[in-house]
Amino acid sequence: MPELPEVETTIRGLAGFLEGETIARARVNRPDLRRPFPPDLVQVLTGAKVTHLSRRAKYGLIHLDRQQAMIFHLGMSGRWRIDPEEIGKHDHLVLETGAGHVLALNDARRFGSVDLVDEAALDQFAPFAAIGPEPLGPDLTPQHLKRAFAGKITAVKVALLDQRLVAGLGNIYVCEALHRAGIRPDKPAGAVSLPKLKLLVPAIRDVLNESIAAGGSSMRDYAKPDGELGYFATSWRVYGREGQPCHCGGTVERFVQGGRSTFWCRKCQK
DNA sequence: GCTTACACCTGAACGC
DNA sequence: TGCGTTCAGGTGTAAG
């Protein structure tokens with residue numbers, strides 16, 4: 001997916017077309033993504049006014065003037081298309097605004113999801129209920145990670161992907177942040193020292209902020225809502241660079257952890 | 001309770 | 001050209 005920076009970029013892009021706008025028409029082109037669409041989705045969206053948009057972890061929230069929010073997750077291949085020339089086979093949810101813009105939620109692999117949640121019950125929305133602190137917020141601190149990792153024998157790279165410990169981190173940015181902090185990805189999470197965690201927290205923030213500033217990564221399936229590709233991919237230091245030199249003079253290696261590719265440099269990550 | 005493996009689905013890339 | 005295999009950003013669930 002679309003990891004946190006891509007969702008943030010998407011939300012900012014969508015806001016320009018949706019905030020303050022009325023959804024004149026809505027339709028779904030199939031019954032489900034990962035889960036079924038809410039049965040009343042079209043009814044609730046049609047005629048609703050969008051008050052604002054926000055993001056929690058990798059979820060995008062479209063807040064309506066009906067005390068409800070539509071929450072979308074882009075899964076691994078989801079993206080919003082703005083004013084597409086034609087509706088494609090993977091445009092599963094299509095909105096038309098009062099201003100005449102067409103917004104299509106496109107998700108070839110259908111790992112994404114769409115939910116409707118009462119504004120008053122957002123904290124009880126299951127994926128939000130047990131989620132960790134936002135990595136760009138004040139609650140992600142070295143001390144939080146120390147507590148969250150205490151006693152864990154799971155590799156630190158796998159632990160960072162656990163949304164209960166930190167919200168919104170995905171495979172790419174975890175690889176990049178661990179590299180910047182000089183931490184071995186296969187080190188047991190509980191064995192990472194506080195000084196190392198004090199390097200890791202700013203590394204996470206930096207890699208995310210730089211990616212957001214660059215408009216997200218240009219993964220194969222990802223594009224900003226306006227169709228442009230993000231440019232952060234060109235800034236990756238280890239991800240997808242197996243066999244290529246590291247800036248320290250070492251070589252980027254790849255191995256599999258928990259079924260996912262991990263990229264790292266054994267010379268500068270200890 | 002913690003950790004690991006796997007399923008979910010499609011399309012691109014690659015080798016033969 | 002066509003076919004088969006492998007791999008990919010995530011998350012939830014079941015098994016150990």
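Me: In this predicted model, is Arg81 buried, partly exposed or exposed?
Reply: The class follows from the relative accessible area, since buried means under 20% and exposed over 50%, with partly exposed in between. For Arg81 the computed relative accessible area is 21%, and Arg81 is therefore classed, by these cut-offs, as partly exposed.

Me: With which residue does the side chain of Arg81 meet in a salt bridge?
Reply: The partner sits in strand E6 (residues 91–97), whereas Arg81 belongs to strand E5 (residues 78–82), and the pair, 10 residues apart, links distant parts of the chain. At 0% relative accessibility this partner counts as buried, while Arg81 is partly exposed. The N to O distance in the salt bridge is 2.6 Å, and the residue that Arg81 meets is Asp91.

Me: How many residues apart are Arg35 and Asp115?
Reply: The side chains of Arg35 and Asp115 meet in a salt bridge, with an N to O distance of 2.2 Å. Arg35 lies in the loop between strand E1 (23–28) and helix H2 (41–45), and Asp115 lies in strand E8 (residues 113–118), so that the pair links distant parts of the chain. Arg35 is partly exposed at 34%, whereas Asp115 counts as buried at 14%; their separation along the chain, in residues, is 80.

Me: What is the distance between the closest N and O atoms of Arg164 and Asp162?
Reply: Arg164 is exposed, with a relative accessible area of 58%, whereas Asp162 counts as buried at 18%. The two residues form a salt bridge, for which the cut-off is 4 Å, and the closest N and O atoms are separated by 2.8 Å.

Me: Which residues do salt bridges with shared partners join into one network?
Reply: By the salt-bridge rule, the count for the model comes to 12. Where such bridges share partners, they join residues into one network, whose members are Glu8, Arg12, Arg55, Arg56 and Glu134.

Me: How many of the residues of the surface near DNA strand B are charged?
Reply: DNA strand B is surrounded by 11 residues, the closest being His90, Ala108, Arg109, Arg110 and Thr154. These surface residues include 3 nonpolar and 2 polar ones, and the number that are charged is 6.

Me: How far from a base oxygen of DNA strand B does a polar side-chain atom of Arg109 lie?
Reply: Of the DNA strand B atoms within 4 Å of the protein, 64% belong to sugar or phosphate, and the rest belong to bases. A polar side-chain atom of Arg34 lies 3.3 Å from a base oxygen, whereas for Thr154 the contact is with a sugar or linking oxygen. For Arg109 the distance to a base oxygen is 3.1 Å.

How values were computed: Residues are numbered from 1 along each chain as its sequence is written. Chains are lettered from A and ligands numbered from 1 in the order in which they are written. This is a predicted model: local features need pLDDT of at least 70, side-chain atom pairs count only at pLDDT 80 or more; totals for chains, interfaces and linings use all residues. Side-chain values use heavy atoms; hydrogens and water are left out. Helices (H or I, at least four residues) and strands (E, at least two) are DSSP runs, numbered from the N terminus. Buried means under 20% relative accessible area, exposed over 50%, partly exposed in between (1.4 Å probe, protein chains only). A residue is near a molecule or strand if one of its heavy atoms lies within 4 Å of it. A polar contact is a pair of N or O atoms within 3.5 Å; within protein, one must be able to donate a hydrogen and the other to accept it, and residues adjacent in sequence count only if both atoms are side-chain atoms. Ala, Val, Leu, Ile, Met, Phe, Trp, Tyr, Cys and Pro count as nonpolar, Asp, Glu, Lys and Arg as charged, and the others, Gly among them, as polar.
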